[in-house]
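The following exercises concern an interface between two chains and one helix. Each task is followed by a worked solution.

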Amino acid sequence: MADEPLVLGIETSCDETGVGIVRGTTLLADAIASSVDEHARFGGVVPEVASRAHLEAMVPTIDRALKEAGVSARDLDGIAVTAGPGLAGALLVGVSAAKAYAYALGKPLYGVNHLASHICVDQLEHGALPEPTMALLVSGGHSSLLLSSDITSDVRPMGATIDDAAGEAFDKIARVLNLGFPGGPVIDRYAKEGDPQAIAFPRGLTGPRDAAYDFSFSGLKTAVARWIEAKRAAGEEVPVRDVAASFQEAVVDVLTRKAVRACKDEGVDHLMIGGGVAANSRLRILAQERCEAAGIRLRVPRPKLCTDNGAMVAALGAEMVARGRSASSWELSADSSLPVTETHVPGHDHVHEVSKENLYS
Amino acid sequence: MLLLALDTATPAVTVALHDGEDVIASSSQVDARRHGELLLPAVDRVLAESGLRLDAVTGIVVGIGPGPYTGLRVGLMTADTFGLALGVPVHGVCTLDGLAYASDIEKGPFVVATDARRKEVYWATYADSRTRLTDPAVDRPADIAERVAGLPAVGAGALLYPDTFPSAHEPEHVSAAALAALAAERLAAGVDLPAPRPLYLRRPDAQVPKNYKVVTPK
Ligand SMILES: [Zn+2]
């Protein structure tokens, strides 16, 4: 096991400052500092607030991860960092830290894709990813269906949201119901005591002529908000638990239906679910039921690995090292709209020539 | 003493090595949009030019602004992380102080002003090239015209607004060479330099973009 790559990963694409350390597919440390409380009163992530928090938190979080893993920085085989997609200013803080750290330690640098990292993290939970794997990524920022035959080089987008992310809909509805931010966990909690069939909310993009694997949650969001407003306008009490359960059912019904269909159509027998919404209890139950019925193996990492973290970046970095993918150059920059097909940002061959002499040996 | 100095608080991406007596090597590139890309290669170039390795450095000096935030953080994060990896102290220097030090104005008072965007400047007044009289501030040029009337001025912020700063002249941007020399002088004199914390001067814009979480490309 000791010859598996030891990699430190840095994640700053949104509001979590994550530093993780892995050895191959073994998780050694997963240190997180979150600025979520600073954003709550704004009802969403404020980019400048997030960027400021990343700068403050980075060095202490790296320190914490090294202590947690019980390894020395000089023993690392590489530094991985989220190069995109994400909030531009926030990403740049992490990329700057990773470049300086890799350079000062004389280690190769791997700028990797945030979405591919969300998929690869499952290796830390359930071992090597089956190839191919279908992945459903759902969070406040992502709603994508991706097919990967090799997580270091081949991720193909099958479908994505055409408007809002699934997690964003949870936040919005929680806000309309005055339940606070973030919306996911609180809707999940109320929904447990509600009737998911109480109100028939619309299932977006499920008509026969609609794109088979794309998602839309904007119409659902509006429909739920209107339903609540109508109740209030009529002076009636809003059945919060039933609304939460029926809304949640509409979301997870569409997500799981489309994911299972994509697996069947592509002949893929593994589905992984990642992203913050993967922590949703109803999504897990329904996905399990539908996968079992279709003969598909479901893999969902524990909730802490589903939300943004540094361990997922380290996991993909370690896979890059193990498969001999080329490192990024010192010119690596953040790319807020890095396409999912670009699993990492390899350097150009001519860039490394000046560097070697100045590094630690 | 071997100081690595860097500053990204102005459109310049500037790096210098200073041995306590002199600047050994330096690099300055002006490109306000590519601080993140340019800084590390510049550090690498300066080290290669001097034939030294990063682990020979005994301290890091970084410009703490004020300056546009995204670029400013590139320098600070890089400095912080070098400090962590190398186990050496990281010293902050006000970017405006570096500009004042690099100016050839013998006798003040004078003004240093950099571009704060949004039609504002970051500015401070100086008694001489080593002595700041006022805290760095951010203002509209017209609002400080009376206070800076008749004073010589340096920096891109002064050059941009000739109505307020009619006698503005070079240097336009800060140089890490000046920053390093100033820091070396102060450290040798036993003066404590400020912690490497950014001078933002403005509160963050509390605007939640429409797709406020990560935008997922399709
Ligand atoms: Zn994410």
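Buried area is the accessible area (1.4 Å probe) that two parts lose on being put together, summed over both. This is a predicted model, in which local features need pLDDT of at least 70, side-chain atom pairs count only at pLDDT 80 or more, and totals for chains, interfaces and linings use all residues. Residues are numbered from 1 along each chain as its sequence is written, chains are lettered from A in the order in which they are written, and side-chain values use heavy atoms, without hydrogens and water.

**Exercise 1.** Determine how much area chain A and chain B bury between them, and how many residues are in contact.

*Solution.* Begin with the area: about 4,400 Å² is buried, 65% of it on carbon and sulfur atoms. Next, apply the contact criterion (heavy atoms within 4.5 Å): 61 residues of chain A touch 45 residues of chain B.

**Exercise 2.** Identify the salt bridges across the interface of chain A and chain B.

*Solution.* The rule requires a side-chain nitrogen of Lys or Arg within 4 Å of a carboxyl oxygen of Asp or Glu. Two salt bridges satisfy the rule across this interface. One of them joins B:R197 to A:E56, at 3.4 Å from N to O.

**Exercise 3.** Is helix α2 (residues 69–86) of chain B largely enclosed or not, and why?

*Solution.* First, apply the burial criterion (under 20% relative accessible area, 1.4 Å probe, protein chains only). Of the 18 residues of α2(B), 16 are buried, so the helix is largely enclosed by the rest of the structure.

Note on methods. Buried < 20%, exposed > 50% of the residue type's maximum accessible area, 1.4 Å probe, protein only. Helix = DSSP H or I, 4+ residues; strand = E, 2+ residues; numbered from the N terminus.
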